[in-house]
Number of protein chains: 2
Amino acid sequence: MISFDGLRLEEGRPIYLQIVLHIKRGIVSGAIADGDELPSRRILSALLGVNPNTVQKACRALEEEGLITSHAGARSFAVVTPETIAACRAELVRGGAESWARSARGLGLGLDEALELIREVWDNPKEEEQ
Amino acid sequence: MISFDGLRLEEGRPIYLQIVLHIKRGIVSGAIADGDELPSRRILSALLGVNPNTVQKACRALEEEGLITSHAGARSFAVVTPETIAACRAELVRGGAESWARSARGLGLGLDEALELIREVWDNPKEEEQ
DNA sequence: TTAACTGTATTATACGCATAGTACGGTTGC
DNA sequence: GCAACCGTACTATGCGTATAATACAGTTAA
C-alpha cells in the first residue's frame, strides 16, 4: 500500500498537483514499486482531509501520465518502469535544479556561492542566522 | 526607471506574484536601487500585456511589504534599504536553496550528487540528454 | 489654471481549484 | 447471489485570479 504519511499539504498550490508530485517523488526515490496499491479515493481523501473529487483529479492526471492504472470498481495500482522512473527523475530533480540555478544566477550568485549555499542548507535547512 | 524587459510571464502561477518576484529579484541583484521609479500602472500593464488591475494588485502587495511607496496621483518608487535587501535575499536565494535541497534529499540524492547536478545545469540549463 | 497623467476604487464576467452531495455501474469477498 | 466497496460522473457553491470597463480624486507640468 502506497503511503502518504510524508505528504504535508501546503496552501497556495493546487492540492491535486501536490498529490501527483508525492507519487512522482515516491517513484523516483524507490518508495513506490511497480504494482503497489493506492488507497481508495474515499480513504485517501479522508486521510488527507480533502475532498474525494480532489483526489480523483490527481488520480486522473496520474493515469493520463501512465503512472497508475485504474479500472472502475477495482483498486488502482502504480505503474513503475525504468522509463517512468527516468521521466519522473528528469522532471523532478533536474527540472528543479535548473529552475533554482537559473533563479540564483539571476540574483547575482556565482557558481561557487551557489554550491556553498547548497552545502550550507543541506544538513541545516532550518538555520535562521544570516 | 525600473525595467521589466527580463520578465517573461509564465502561466500556471499568479501573474501578480510573478511581478512581485521580479521586483524582489531586482532588489537582490542590485538592478533596482532606492528611489527608482516604477512605470505607471497603465503603462506597465500595457508593457506586460496584462490587466491594469493585475498590476495594481502586485503594487499593493509590494507596498504592504514596504518595497515600494505609492501616493495617489503620483508615481511609485522603490524603497531599497539594507533591511529589505537582506529580507528579499533570504526569501529568494536561501529559501529556494532550502526548498530544492529538501526536495533533492527526499528523492534520494546525496550531497555530492546534488552539487554535481547544480554544476551540470549551471551553464547548460537546456541540456536534454540523460 | 488647466489639461494630462497618476493611484485608487468599483462592478461585472470568466476560469480554475476545491468543496459538498449525490448517483451509477463494476469488482470483490463472503 | 449479495452486500460492501470500488472508480467514475454529475450538479452546485465558494474562493482566488484575471479580465474588462468605468469612475474619481490627487499630482504634475505647461
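This is a short talk on how the domains and chains pack in the structure above.

Okay, before anything else: this is a predicted model. So please hear every value as computed from that model.

Let's start inside chain A. The chain is split into domain 1, residues 15-80, and domain 2, residues 83-129. Their C-alpha centres sit 27 Å apart. And how many residues are in contact between them? On the domain 1 side there are 10, and they meet six residues of domain 2. Together the two domains of chain A bury about 670 Å², and 76% of that is on carbon and sulfur atoms. Which residues of domain 1 lose the most area to domain 2? Those are A:K24, A:I27 and A:V28, and together they make up 61% of what the domain 1 side buries.

Keep A:K24 in mind for a second, please. Between domain 1 and domain 2 of chain A the count is one salt bridge. A:K24 forms a salt bridge with A:E91, with the closest N and O atoms 3.0 Å apart. So A:K24 turns up twice: among the residues of domain 1 that lose the most area to domain 2, and as a salt-bridge partner of A:E91. For polar contacts across this domain interface, the rule finds one residue pair, both at pLDDT 80 or more. By class, the side of domain 1 that touches domain 2 has six nonpolar residues, one polar and three charged.

Now on to the two chains. Chain B and chain A each put 37 residues into their contact. The area buried between these chains is about 3700 Å², with carbon and sulfur atoms giving 64% of it. On the chain B side, B:R94, B:L107 and B:W122 lose the most area to chain A, together 24% of what that side buries.

How many salt bridges cross between chain B and chain A? The rule finds two. B:R94, which we just met among the residues losing the most area, forms a salt bridge with A:E120, and there the closest N and O atoms are 3.3 Å apart. Polar contacts across the chain interface come to six residue pairs, again both at pLDDT 80 or more.

Last topic, the rings. Over all chains, the structure holds zero aromatic pairs. What we do get is charge over ring. B:R105 lies over the face of A:W122, 5.8 Å from the ring centre. Within chain B, the charged end of B:K57 sits over the ring of B:Y16, at 4.8 Å from its centre.

That's my tour, thanks.

Terms used. Residues are numbered from 1 along each chain as its sequence is written. Chains are lettered from A and ligands numbered from 1 in the order in which they are written. This is a predicted model: local features need pLDDT of at least 70, side-chain atom pairs count only at pLDDT 80 or more; totals for chains, interfaces and linings use all residues. Side-chain values use heavy atoms; hydrogens and water are left out. Domain bounds come from an automatic or database domain assignment. Contact means heavy atoms within 4.5 Å. Buried area is the accessible area (1.4 Å probe) that two parts lose on being put together, summed over both. A salt bridge is a side-chain nitrogen of Lys or Arg within 4 Å of a carboxyl oxygen of Asp or Glu. A polar contact is a pair of N or O atoms within 3.5 Å; within protein, one must be able to donate a hydrogen and the other to accept it, and residues adjacent in sequence count only if both atoms are side-chain atoms. Ala, Val, Leu, Ile, Met, Phe, Trp, Tyr, Cys and Pro count as nonpolar, Asp, Glu, Lys and Arg as charged, and the others, Gly among them, as polar. Rings of Phe, Tyr and Trp (its six-membered ring) pair if their centres lie within 6.5 Å; planes under 30 degrees apart count as stacked, over 60 as edge-to-face and the rest as tilted. A charge sits over a ring if NZ of Lys or CZ of Arg is within 6 Å of the ring centre and within 35 degrees of the ring normal.
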